[in-house]
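Trainee: I would like to go through the pockets and cores of this model and ask what stands behind each label.

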Amino acid sequence: MVHTPDGPLPTGAVVVATGRCHTPNLPRWPGRSTFTGTLLHSAQYRSPALYRGQHVLVVGAGNSGTEIASVLAGAGAERVRIAVRTPPNILPRSSARWHAVGRLTEALPLAWRDRISLLTQRLAVPDLTSRGLPRPRTGLYTRNAREDVNPVLDHGFVDAVRSGRVEPVAAVQAFDGPDVILGDGTRLRPDTVIAATGYRPGLHDLVGSLGVLDEAGQPLAVGAQTHPEAPRLYFAGYTNPLTGVLRQAGIEARAITHALRRETARASLLAPRLGDRTADTLHKGHTPS
């Protein structure tokens, strides 16, 4: 039974596909509420025009953060810094077909794929260590497997860092009135902080009481697989493989469709047998339970 604003809705199966990037994740930094500047999540960012002449700190060096920082630097922001916790794996924009590469190398051991990815970056992306952004030590395949993180496709970020228009700094540790305190103890006083800190699936309110989510709020079973606590409850689109999120969501959706068809076919085969048993029971003068 599914409960909706219009009342309960009986259903044989439920597919949840609200997306892994459903709810903006804004970290609960100590002192966040005391910040006297402007703090927003990257989901609220619309145009660089609003930040002309401002000192902006972008938090997070993923695809959103690096792209926002480079756009701001070229659109009149007075100063742009980007807070980096872990140096990202950066690939040239010409590597936009890396999803296909991911599919071609799936059969290789993880360590080999990591070596190939790090070598590719070393050959294609200049060393930015002197600008405050050292090369990553962990390959992009391991980071994806362990942290669910994808590599950054360069949309001008590398040139912006090389030219000094975007300045990498340490990760944000806390806020203190007008100041942002970094992990190395540095204090900054930006006009605006844009948190490109990712998203959460936001499934707790929907299915959190069913025991089907892990500690991070992600489904424990996806695609055609279901959790023992909630049979016939399916999830599609909550994984982040290097072979492509949309491609994987399609694979999971088709697998769910096939699973439901099998269930329907099985039920159709069982129905006549149950009907025969009921008729035989009535013939013998018994009342079916």
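Trainee: What makes residues in the lining of the largest pocket polar, nonpolar or charged?
Mentor: In this predicted model, the lining of the largest pocket divides into 16 nonpolar, 14 polar and six charged residues. Gly counts as polar, so Gly 62 and Gly 198, which are among the residues nearest the pocket's centre, are polar by class. Val 149 and Ala 196 also lie nearest the centre, and Val and Ala count as nonpolar.

Trainee: Why are 36 residues said to line the largest pocket?
Mentor: A lining residue has an atom within 4 Å of a pocket point, and 36 residues line this pocket. The pocket holds about 1200 Å³ of space. Elements that give two or more residues to its lining are α1, α4 (140-147) and β15 (199-200); α1 has the largest share, three residues.

Trainee: What are the classes in the lining of the second largest pocket?
Mentor: That lining has 13 nonpolar, four polar and two charged residues. The second largest pocket has a volume of about 450 Å³. Among the residues closest to its centre are Met 1, Val 2 and Leu 233, and Met, Val and Leu count as nonpolar.

Trainee: Why is the set with Val 58 and Ile 194 called a nonpolar core?
Mentor: Such a core joins buried residues of listed types, Val and Ile included, through side-chain atoms within 4.5 Å. The largest has 26 residues, and Val 58 and Ile 194 are among those with the most contacts inside it. Elements giving two or more residues to this core include β6 (55-59) and α1 (63-73).

Technical notes: Residues numbered from 1 in each chain as written. Predicted model: local features only at pLDDT ≥ 70, side-chain atom pairs only at ≥ 80, totals over all residues. Heavy atoms only, no water. Buried < 20%, exposed > 50% of the residue type's maximum accessible area, 1.4 Å probe, protein only. Helix = DSSP H or I, 4+ residues; strand = E, 2+ residues; numbered from the N terminus. 1 Å grid on protein atoms, 1.4 Å probe; cavity = no way out; pocket = protein on both sides within 12 Å on 5 of 7 lines; lining within 4 Å. Points joined across faces, edges and corners; volume = space filled by probe spheres on them.
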